[in-house]
Amino acid sequence: MKITQHASANTLTLTLDGELDASSSVLLDAELAKPETLKFEKVLIDCQRLNYISSAGLGVFISHLQQFQDAGVKLVFFNMQDKVHNVFEILGLDALMTIVPSEAEATAF
Amino acid sequence: MSFRHRLKAILFPLSLLSWVLLLLSTLSNTQGNAAGWLGGPWPTWVTLLAQALFAASVFVYQRGRTEPLIGNDFVGMMRRLVLGPGMLATACVGLHLIERVLQYELPTNDRTLFAVIYTINLGLFVVFLANTNYSWRSLVLFRASSRIQREWVWFEVLLGSTLLFRLLDWVPPHPIDYIIMGSLGTFGVYLSGNQQWVAYLSRRQKWEAVLLQIAILLSMAVFVSYFLRIEHDPKLVAPAPQHAFLLLTVFFGAFYAFMGLMVTLFNLPTAGVFEQKREEILSLQRLTQLIQRGQSENEVYGMLFDSAVQTVDADAAWIMLENEAGVREGQSYQVSPEQSAAVRNLLQEHNLHHIEYLNNDLKASSGFRELNLPYGSLIVMPLRSAKRRYGALYMLKQARQGFDRENLSILQTFASQTVLSIENLNLMNVSLENQRVQEELKIASIVQDSLIPKNLPIDSWFDISSYAASAKEVGGDFYDFLHLPGRRLAILIGDVSGKGVTAAFHVAQMKGIFHALMQENPLAKSERDKFPVPSRFMSQANHALARCLEKSAFITASLYIIDYENGGFVFARAGHCHTLYYHSIKEEVSYFQTAGLGLGIIRNESYEKHIKNQFYDYNPGDVMVIYTDGIVEARNAAQQEYGEERLHQMLERTYYLDADEIKQQILEDLGQFSHGQPMHDDQTLLVVKFKSAQPGLNN
């Protein structure tokens with residue numbers, strides 16, 4: 001798992017590359033738990049190269065969801081592969097989180 | 001009986017008989033009543049022959065006796081030697097004195113008494129010499145090579161024959177006799193050089209050996225002086241060669257005792273060093289043995305401390321022990337906690353308390369002088385491995401230059417041995433702890449297994465088959481059944497996120513929640529409200545879990561309530577895998593596509609909005625396949641997932657079979673797909689087949 005981040009004025013974009021399993025989700029959790037993350041208006045997650053997400057990986061997003069909502073930070077996923085999207089959907093997360101097809105839509109959101 | 005045994009049996013009577021003959025022969029030569037009674041003076045050769053026989057039989061008899069040396073107990077052997085022959089010497093002196101007193105009190109010309117006592121003393125002396133000789137022999141032959149042993153036998157034979165010839169009054173002409181005696185003496189010196197036994201004595205034992213050897217020499221001197229004294233006594237009737245024999249034998253006996261004494265004496269100054277080295281080796285051995293016995297840490301430190309203090313002969317010492325909890329003083333020796341703390345503080349000031357440090361002139365250090373302690377030398381030996389520090393050993397001596405390089409190196413060896421054994425102990429404890437955890441996991445696994453329903457519900461309306469497997473000892477998957485009144489059956493399936501013991505706890509919790517919530521509510525207004533509908537159950541479960549589930553954890557679950565009286569079921573899916581279904585009317589396999597959020601994701605009342613009930617009227621022949629993600633996410637060698645599609649196809653191929661057969665076919669296909677791959681997640685699979693047979697209504 002490789003996590004790269006790109007910050008612009010009010011948007012933080014995290015690019016996930018690889019498999020988000022129990023061990024790599026710790027890295028992601030560390031990124032999202034940084035206090036400065038909550039200072040952005042939007043946090044965009046680029047899932048183009050996210051091949052797999054385990055329940056631990058989902059747990060990371062779930063555990064930060066409430067915080068983001070409370071701080072008024074929008075969490076937007078984009079470029080999600082079908083099988084990963086299926087996992088979000090089965091769990092019912094697609095109703096809670098914003099998942100859009102492309103980066104343009106994510107930026108516009 | 002062999003010749004040896006027979007010889008042995010006659011030796012003792014022979015020695016007694018020959019001695020009696022010697023006595024009689026001596027008496028016959030005295031001009032007294034006895035001589036007359038014995039028929040006048042017997043020829044000298046009888047006396048000499050009797051004596052030769054006597055000496056030979058006593059020596060051979062002594063030689064055949066059991067080895068006087070028991071193990072390494074040299075001092076014990078010498079003590080017995082002094083006690084036995086010492087008593088003989090005392091008896092000799094005593095008899096001589098009695099004879100003198102009698103002679104003084106009752107002066108007489110009769111030499112009978114004198115001759116008797118002389119003969120008794122002669123007998124005692126020969127026994128003494130034989131005894132001493134063979135005790136020396138066992139010392140010379142201690143750990144000796146077989147060559148030395150053979151040489152000793154030759155020495156005995158040569159010496160014996162020489163002495164006996166001397167007794168028979170045959171003296172080889174000059175200078176052959178000198179050559180023979182000289183070479184025998186040289187041979188004796190050479191053999192006496194074998195004093196290996198001295199090395200095995202401790203310092204104290206060496207002193208004891210010296211004293212005992214002196215005592216033996218003294219008792220020998222008593223005899224010698226007796227014989228020298230009466231040599232010129234006019235009353236003596238014994239022939240001269242008899243005397244020469246005795247003196248020559250004495251020479252050899254005394255010679256070895258003297259050599260032994262010298263060797264022991266010269267060894268005395270080095271005995272301390274020798275003993276210290278020995279003690280060091282023994283201490284090392286003791287320490288090493290402790291490792292194998294695997295005793296407690298404290299015992300190992302205690303052993304190190306005792307061995308170190310003893311080995312370097314410290315005047316004061318203490319040991320500091322370090323662990324996660326901090327530093328504390330362990331054992332101490334002749335030092336008060338205040339004194340040791342003062343020394344430590346001083347070293348700490350100079351940052352010397354964690355390194356190997358030797359100071360042989362403490363008085364030269366002003367800091368130490370101020371402490372006003374009576375010590376001149378100090379060693380600090382840290383106990384550490386590459387990974388961590390275990391503490392340090394402090395040793396003090398009053399003398400300056402009290403420690404040497406050897407002390408330092410032996411302490412280094414002690415320290416590394418100790419650290420090694422402590423680390424071994426720790427490793428062993430860790431492995432024991434692991435073993436214990438494994439045992440407990442095994443128990444947890446058994447407990448969890450007992451939570452899985454063993455008896456599947458049986459009814460003529462349907463047919464159920466189940467499969468469950470955990471990837472680890474304990475799993476996060478669960479399923480359960482509950483019969484409800486009114487011919488209804490509740491089926492719960494679910495999966496706790498994460499694995500291991502935490503997940504297993506939540507599994508147990510879900511089971512408790514299931515049984516608690518599926519209770520009849522007596523206050524319910526209508527029959528329908530007596531048991532919660534699945535969506536209501538999920539909201540209540542979500543509420544119950546909200547407080548105890550950790551933040552990043554969630555649970556997926558599906559609850560089905562089948563009403564087989566009315567031929568329908570209702571279910572709610574809380575983020576769990578979709579239900580695969582075969583519709584017999586439409587002859588079609590499909591997934592129920594319903595929305596529903598996992599438990600624990602939203603932990604407030606708004607959860608209700610995210611969970612829906614789905615109703616369905618089933619038909620005979622319909623098949624419901626319920627499973628957890630461990631089934632569809634199982635991977636093959638190419639890291640592809642088994643997937644919902646493949647499961648879908650499997651049901652299309654097998655829907656007409658029994659529930660159990662459908663399950664078997666799916667598992668077989670799954671097994672082939674993921675062959676050789678490790679199981680990543682728990683797997684649960686339930687197959688429910690609705691049947692047409694309903695005996696109650698068929699009539």
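**Figure 1. Residues 42-61 and 178-197 of chain B in the predicted model.** Residues 42-61 of chain B are 90% helix and 0% strand. The C-alpha atoms at the two ends of this stretch lie 28 Å apart. Residues 178-197 of chain B are 75% helix, again with 0% strand, and the end C-alpha atoms of that stretch are separated by 32 Å. Both stretches are included in the "transmembrane region" annotation of the unreviewed UniProt entry. According to that record, the annotation also covers residues 81-98, 113-131, 152-172, 209-228 and 244-268 of chain B.

**Figure 2. Crossing of helices H5 and H8 in chain B.** Helix H5(B) spans residues 112-140 and helix H8(B) spans residues 203-231. Their axes come within 11 Å and cross at roughly 145 degrees; the crossing is left-handed. From H5(B), the residues Tyr118(B), Asn121(B), Phe125(B), Phe128(B) and Thr132(B) take part in the contact. They meet Ile216(B), Phe223(B), Tyr226(B) and Ile230(B) of H8(B). Sorted by class, the contact comprises 7 nonpolar and 2 polar residues, with no charged residues.

**Figure 3. The side of chain A that touches chain B.** In this view, 11 residues of chain A are in contact with 16 residues of chain B. Helix H2 (55-71) and helix H3 (82-91) of chain A each supply at least two residues of this side of chain A. H2(A) gives the most, with 6 residues. The residues on the side of chain A that touches chain B are 7 nonpolar and 4 polar, and none is charged.

**Figure 4. An open antiparallel sheet in chain B.** The sheet contains 5 strands in the order E7-E8-E9-E10-E13. Strand E7 (477-484) and strand E13 (614-617) of chain B stand at the edges; each has a single partner strand, so one side of each lacks a neighbour in the sheet. On average, and with direction ignored, neighbouring strands are turned by 15 degrees against each other. Strand E10(B), residues 568-574, is joined to E13(B) by 4 bridges in the antiparallel sense. Within this pair, Gly568(B) stands opposite Asp617(B) of E13(B). Helix H15(B), residues 534-546, packs on the sheet and touches strand E9 (555-563) and E10 of chain B. The direction of H15(B) makes about 30 degrees with that of E10(B).

**Figure 5. Strand E11 of chain B and the strands E12 and E14 that pair with it.** Strand E11(B), residues 580-583, runs antiparallel to strand E12(B), residues 588-591, and 4 bridges join the two. The hairpin of E11(B) and E12(B) has 4 residues between the strands. In this hairpin, Glu587(B) adopts a positive phi near 50 degrees. E11(B) also pairs with strand E14(B), residues 623-627, over 3 bridges in the antiparallel sense. Which residues are the partners of Leu580(B) in these two strands? In E12(B), Leu580(B) stands opposite Tyr591(B), and in E14(B) the bridge partner of Leu580(B) is Val625(B).

**Figure 6. Chain B as the setting of the close-up views.** The secondary structure of chain B amounts to 19 helices and 15 strands. Of its 699 residues, 36% count as buried. Among the contacts in chain B between residues at least 6 apart in sequence, 71% join residues at least 24 apart.

Notes:
Residues numbered from 1 in each chain as written. Chains lettered and ligands numbered in written order. Predicted model: local features only at pLDDT ≥ 70, side-chain atom pairs only at ≥ 80, totals over all residues. Contact = placed C-beta atoms within 7 Å. Nonpolar A, V, L, I, M, F, W, Y, C, P; charged D, E, K, R; others polar. Pairing = 2+ DSSP bridges. Buried ≥ 20, exposed ≤ 12 C-beta atoms within 10 Å, placed from the backbone. Axes fitted to C-alpha atoms, helices over the stretch in contact; angles between N-to-C directions. UniProt positions renumbered as here; feature names shortened; annotations may be inferred. Left-handed = near helix turned anticlockwise from the far one by under 90°.
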